[in-house]
Amino acid sequence: MSERWWEDAVFYQVYVRSFADSNGDGVGDLPGITSRLDYLDDLGVDAIWLTPFYPSPGADHGYDVSDYVDVDPLFGTVADFDDLIGAAHARDIRVIVDIVPNHSSSEHEWFKGDRSRYVTVAGGDEPPNNWPSNWGGPAWTYDEERGHWYLHLFAPEQPDLDWNERQVRDDFDGILRFWLDRGVDGFRIDVAHGLVKKASLADEPEPFPQERFSSDWRTAIDQPEVHDIYRDWNGLVGEYDGDRVLVGEVVFSEQARVAPYLRPDELHMAFNFSLVFQPWDAERIRASIDESLAALPIVTWVLENHDVTRIVTRFGGERQARAAALLLLALPGPVFVYQGQELGLEEVDLPDEARQDPIFRRTRGERTGRDGCRVPIPWTRALQPNAWLPQPPAWSEKSVEAQSGRHGSFLELYRRALELRPHGPFAWRESPPGTLMFDRGDMTCLVHFTDERVPVEGVVLASDESNTAVWMSGE
Ligand code: NOJ
């Protein structure tokens, strides 16, 4: 293993609303997570990332924070948080928390007050520029009462903070310290590339790249000054013991644009989303791995999170998703696994009336949004009748209870893979078209992207017989 704990770690993403519900209200909570730490320990993860659990009106399910230094009663209390951290650390599981610095909730005291911490522009019949919101409609809303436009790269309930204001920087230093003092091992930074906007608020060149989160915008995001913030934060977390980390959500379609965020005195890691946008295709996946390895000093690997379609659906089947698991867990560097990925959950096709994602509403159903990957995970065969998003009946047999100890189940594959996960140098090997093969330490990983059976010797772990990945011992 490497010297810094996170360099080869497996992070497990807990989407708090949908993980474990301790009080039966249909929504996951912090005591629920604490009660399932043995499961995570047994699975073999090194760290968990908690999505926002702060007080929030819930316009974007927690990514609209109305108080950065408290816990929403829906999820528990600060004492519950302290218990969770203590119980995780007792099992050697590290905990990182989400921080949402690009925008707050419109219910935050700062916004209800004088708004000096926000990007506002007085008067005018037209919005100050042509920026669109990521989720449809303009990125500006006019407030009649105040006589100004305010900026929101996401929903109008998520006004963008103005990082040119010293006060905002000081406030966030205090917020980081609040959670660091409570023992968190680091932060996942939401929209990390977006905090600073071009001071001139110049128009964005059209046509707009709309496919992903404003990923290739030039004026609303990725301004040089944003790096000062991460230099400061790097120093701040460095004052604490134990190698605390900063993981940025830095989304660009070219990985080379992520590299400056990973300079030695800035973020420790950034999500590498390149695999999230690949189909199940050997060449495309290899090209994406190569691009990432060439562009970045440290590469994280991600196939799923709470914003994208689950891989069973995206890659076209369970076999593909199982093979992808062995591919993922053999790649060099930190890996992020999203809750339920280890159960082989598919994207759920929810009825429109059940959908809650603001993307669905704001685009008037044109984009279905992200609810399909956020359905609460099934723990027992008896599903949860009041889950905040309905669980499909077939998930009974996908539950942790049903899969535990069942030979060949997704869950047992993940457990075994985490146990055997190779470390050490990575190198490609020659392999026929439709396959990928590489060495990782003393293990060889062979991935078949077709329906052919793979005749191989020395197999240590196989995901299936075709459309499969196998790990073979190099001895
Ligand atoms: C990225 C988060 O992952 C997503 O869920 C959220 O809606 C946006 N940032 C806005 O905060």
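**Ligand contacts and helix packing in a predicted model**

A polar side-chain atom of Asp60 sits 2.6 Å from an oxygen atom of the ligand. This is a predicted model, so let's walk through it with a few questions.

Q: Which residues come nearest to the ligand?
A: There are 14 residues around the ligand. Asp60, whose polar side-chain atom is 2.6 Å from a ligand oxygen, belongs to the group that comes nearest. That group is Asp60, Asp190, His306, Asp307 and Arg370.

Q: How far is an oxygen atom of the ligand from an N or O atom in the side chain of His103?
A: Polar contacts here are pairs of N or O atoms within 3.5 Å. The His103 side chain offers such an atom to a ligand oxygen, and the separation is 3.0 Å.

Q: What distance separates a polar side-chain atom of Arg188 from an oxygen atom of the ligand?
A: Arg188 also reaches the ligand through its side chain. The partner on the ligand is an oxygen atom, and the distance is 3.1 Å.

Q: Are H9 and H12 roughly parallel or roughly antiparallel?
A: Helix H9 covers residues 318–328 and helix H12 covers residues 410–420. Their axes lie 10 Å apart, at an angle of about 10°. Angles under 35 degrees count as roughly parallel. That is why H9 and H12 are roughly parallel.

Q: How many residues of the contact of H9 with H12 are charged?
A: From H9, Glu318, Ala321, Arg322, Ala325 and Leu326 take part, meeting Phe410, Leu413, Tyr414 and Ala417 in H12. Of these residues, 7 are nonpolar and none is polar, while the number charged is 2.

Q: Is the crossing of H5 and H6 left-handed or right-handed?
A: Helix H5 (residues 166–181) packs against helix H6 (residues 226–238) at about 30°, with the axes 11 Å apart. H5 contributes Arg169, Phe172, Asp173, Leu176, Arg177 and Leu180, which meet Asp228, Ile229, Trp233, Leu236 and Val237 in H6. The contact holds 7 nonpolar, no polar and 4 charged residues. As for handedness, the crossing is right-handed.

Notes. Residues numbered from 1 in each chain as written. Predicted model: local features only at pLDDT ≥ 70, side-chain atom pairs only at ≥ 80, totals over all residues. Heavy atoms only, no water. Axes fitted to C-alpha atoms, helices over the stretch in contact; angles between N-to-C directions. Helix = DSSP H or I, 4+ residues; strand = E, 2+ residues; numbered from the N terminus. Parallel < 35°, antiparallel > 145°, perpendicular 65-115°, else oblique. Contact = heavy atoms within 4.5 Å. Nonpolar A, V, L, I, M, F, W, Y, C, P; charged D, E, K, R; others polar. Near = heavy atom within 4 Å. Polar contact = N/O pair within 3.5 Å; in protein donor to acceptor, adjacent residues only side chain to side chain. Left-handed = near helix turned anticlockwise from the far one by under 90°.
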